[in-house]
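Q: I'm new to reading protein models, and I'd like a close look at a single part: the aromatic rings that pair up. Could you walk me through that part slowly, and then show me what else is around in the model?

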Amino acid sequence: MSRAGKYPIELKDGVSAVIADNAIAVKGPKGEVKVSLDTKHAGLVDVKIENNAVVVTPKNAEDKASRAMWGTMTRNVRCAVEGVTKGFEKAMYMNGVGYKASVSGKNLVLNVGFSHDVVMEIPAGLTVEVTAPTEFTIKGIDKCLVGLFADKIHKIRKVDPYKGKGLFYKGEVIHRKEGKKK
């Protein structure tokens, strides 16, 4: 039994949800997020809106895939509701000589030790706020989109465990390695 799926997702004031075109559209003060109900396994659950809450139930409680999709779909809808009310953000920083970040129009420009600047287009629906030359925050209402863009940035310059240089998530723990011994 899914612990995440047992509880209905309450729609707070100012948040509405509509099921149409094999998707649930959640609209709130920060925008609108659609969660697809047409994925490979999404046909294993029923999604209904009852008493100002979204209820997800498995079609067959005995089927393992149906029970797994029950929790997954509940979490996806819960993240959509949280995204349109509070939003999501991912804070990152960089460590290295000459490393810096800046936003130029709809592009994020990173100087991370290459012979050229790395220019990345910021996806629609996201904003990047540079708080210091080596720190920035990715903000948006879609948790998946925020995480994917942060991961794409993180892979540009992976952390070097010997020197401690690279792009980090705030709170990321890096186990430093000892260098060569004489």
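A: Let's go straight to the aromatic pairs: the count here comes to one. The two partners are tyrosine 93 and phenylalanine 168, and their ring centres lie 4.9 Å apart, with the planes at an angle of 10°. Planes under 30 degrees apart count as stacked, so this pair is a stacked one. Keep in mind that you're looking at a predicted model.

Now see where the two rings come from. Tyrosine 93 belongs to strand E7 (residues 88-95), while phenylalanine 168 sits in strand E13 (residues 166-169), so the pair ties together parts that are 75 residues apart in sequence.

How exposed is each partner? Tyrosine 93 has a relative accessible area of 26%, and because buried means under 20% and exposed means over 50%, tyrosine 93 ends up as partly exposed. Phenylalanine 168, with a relative accessibility of 5%, counts as buried.

Rings can also have a charge sitting over them, so look for those next. Lysine 90 lies over the face of tyrosine 169, at 5.1 Å from the ring centre. Over at phenylalanine 114, the charged end of arginine 157 is found above the ring, 4.5 Å from its centre.

How far can you trust the picture? The protein has an average pLDDT of 91, and 97% of the residues score at least 70. Strand E12 (residues 135-140) has the highest confidence, at 97, and strand E5 (residues 45-50) the lowest, at a mean of 90. As a general habit, don't read predicted coordinates in detail where pLDDT is low.

Let's move on to the largest pocket. Its volume is about 230 Å³, and 15 residues line it, with Lys34, Val35, Asn76, Asp142 and Cys144 lying nearest the centre. Sorted by class, the lining has nine nonpolar, three polar and three charged residues. Strand E4 (31-36), helix H1 (64-85) and helix H2 (143-154) each give at least two residues to that lining, and H1 has the largest share, with five.

One of those central residues makes a nice last stop. Lysine 34 is part of strand E4, and with a relative accessibility of 62% it counts as exposed. If you go 16 residues along the chain from lysine 34, you get to glutamate 50, and the C-alpha atoms of the two are separated by 18 Å.

Definitions and conventions:
Residues numbered from 1 in each chain as written. Predicted model: local features only at pLDDT ≥ 70, side-chain atom pairs only at ≥ 80, totals over all residues. Heavy atoms only, no water. 1 Å grid on protein atoms, 1.4 Å probe; cavity = no way out; pocket = protein on both sides within 12 Å on 5 of 7 lines; lining within 4 Å. Points joined across faces, edges and corners; volume = space filled by probe spheres on them. Helix = DSSP H or I, 4+ residues; strand = E, 2+ residues; numbered from the N terminus. Nonpolar A, V, L, I, M, F, W, Y, C, P; charged D, E, K, R; others polar. pLDDT = per-residue confidence, 0-100. Phe/Tyr/Trp six-rings, centres within 6.5 Å; stacked < 30°, edge-to-face > 60°. Buried < 20%, exposed > 50% of the residue type's maximum accessible area, 1.4 Å probe, protein only. Lys NZ or Arg CZ within 6 Å of the ring centre and 35° of its normal.
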